[in-house]
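Q: Please take a close look at the largest nonpolar core. Which residues touch the most other members, and which elements give two or more residues to this core?

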Amino acid sequence: MVIRFIAVALIVVLFWIGTRRMRMIPGRGQSLLEMAVGFVQSNIADGALGKVDGKRFMPILASMFFMVLAMNLTGIVPGLNLAGTSVIGVPLVLALVAYVAFIYAGIKKQGGNFFKASLFPAGVPWYLYIVVTPIEFLSTFILRPVTLALRLLMNMVAGHMLLVLCFSATHFFLFTAGGFFGLFGIGTLAFGFIFTIFEILVAVLQAYVFTFLTAVYIQLALVEEH
Amino acid sequence: MLTAILAAATEGESPNPLIPEIYDIVWSLVCFAVILFFFWKKFLPALTKTLDARSEAIEGGIKKAEIAQAEAAEALEQYKTQLAEGRAEAAKIREQARLEGTAIVNELKEQATIEAARITVNAQATIEAERQAALVSLRTEVGSMAIDLASGVIGQSLSDDKKSSALVDQFLADLEASEKAKAKK
């Protein structure tokens, strides 16, 4: 829990400092900040939702992205060493937020017709609804949040496990086993290093994937038929 | 054996990682709410404002530059027009000056001609007068000389003789008349 508070505090402080003195001609820090937000804005929000809806859902998507990113990155920060997202709470909450967001978007746009459109896709013969409707229901209203949460959680858990394995093995080989096994220790240390770098990539990627899927779900809820 | 390890693992301490604890959910929600609040109310509006202001400034700058360019073009055009006007004016003045110069020269020429004519007339008048005077004096002289000569020949004075002087005058008049007739011819 402390790890998460640190991550939240980090985000808030960073953006507070970044946006406190916004200048017309940006300095390095401001440029970096604008680049990060611009990435979410253009690649995720505008990319999936278009300009108008992208602007509407930007706050929720940006919060999601930076929260996931910060909490993923805590997994490789020495001293914290545990990703905030590798415990079910955060992924689940964020998945629920995404769930609520896309259902809200759908109802706001199409009213009760949203559920009908989602569950009974147009252009399908009526007798196929017997098969299609349960599948649609399952995939749209149950599997989406579950997969969102589990994908993030498992990625982070697996990364954490890998790092733990590599570093504890290194420790074991170097100090407990000793002698000839020290060579293995070097190998496992190298793997640990590689996986640490890999984890940075995974952290960014998972934050992107999570946010982008949320945006796509919202977009799917917004279109009339799919 | 595997099942035994699994059983031990689950029995031991780690609960199922997929079953969330209540505190976990609550605090995660709090985290998200905090982040969402700041992004929604503070960071994104600030960023948007700055970005809008920047694009506006850039557009304004472009517009300003365009205006300046247009002004410069206008000034150039004006300058060119003025230059052309100046050239035309200069040409006009030169032309006028040339005309005036010709007029002055002509006038002077005319004056000179008139003056020359006047001088010629004067000279002719003088000559005529002198000739007349010379003629008169010559006539008297010739008369007296002829009388003197005649008196010398005759041997007596004829000077106060009215008849002789009339004779002389008559002779001279005849001479003159014959001269004139000759000239006429």
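A: The answer starts with the core and then turns to the helix pairs and the chain contact. This is a predicted model, in which local features need pLDDT of at least 70 and side-chain atom pairs count only at pLDDT 80 or more, while totals for chains, interfaces and linings use all residues. Residues are numbered from 1 along each chain as its sequence is written, with chains lettered from A and ligands numbered from 1 in the order in which they are written.

The largest nonpolar core (buried Ala, Val, Leu, Ile, Met, Phe, Trp, Tyr and Cys joined through C-beta atoms within 7 Å; buried means 20 or more other C-beta atoms within 10 Å, C-beta atoms being placed from the backbone) has 64 residues. A:Leu61, A:Phe65, A:Met67, A:Val68 and A:Leu94 touch the most other members. Two or more residues each come from helices (DSSP runs of H or I, at least four residues, numbered from the N terminus) H1 (2–20), H2 (28–49), H3 (51–73), H4 (89–110), H6 (129–177) and H7 (182–222) of chain A, and from helix H2 (22–154) of chain B. H3(A) gives the most, with 14 residues.

A:Val68 is in contact (C-beta atoms within 7 Å) with A:Thr85, A:Leu94, A:Leu152, A:Gln206, A:Ala207 and A:Phe210, leaving aside neighbours within four places in sequence.

A:Leu94 and A:Phe210 recur where H4(A) meets H7(A). Among the other residues there are A:Ala98, A:Phe102 and A:Lys109 in H4(A), and A:Tyr217, A:Ile218 and A:Leu222 in H7(A). By class (Ala, Val, Leu, Ile, Met, Phe, Trp, Tyr, Cys and Pro nonpolar; Asp, Glu, Lys and Arg charged; others polar), this contact divides into 11 nonpolar, two polar and one charged. The axes (lines fitted to C-alpha atoms over the stretch in contact, with angles of 0 to 180 degrees between N-to-C directions) of H4(A) and H7(A) come within 8 Å and cross at roughly 20 degrees. These two helices are therefore roughly parallel (under 35 degrees).

H7(A) also pairs with H6(A), their axes coming within 8 Å and crossing at roughly 170 degrees. That makes H6(A) roughly antiparallel to H7(A) (over 145 degrees). The contact of H6(A) with H7(A) has 17 nonpolar, nine polar and two charged residues.

Between the chains, 27 residues of chain A are in contact with 25 residues of chain B. On the chain A side, H1, H2, H3 and H4 give two or more residues, and H3(A) gives the most, with seven. That side divides into 22 nonpolar, three polar and two charged residues.

Key:
A residue is buried if 20 or more other C-beta atoms lie within 10 Å of its own, exposed if 12 or fewer, and partly exposed in between; C-beta atoms are placed from the backbone. Two residues are in contact if their C-beta atoms, placed from the backbone, lie within 7 Å. Angles under 35 degrees count as roughly parallel, over 145 as roughly antiparallel, 65 to 115 as roughly perpendicular and the rest as oblique.
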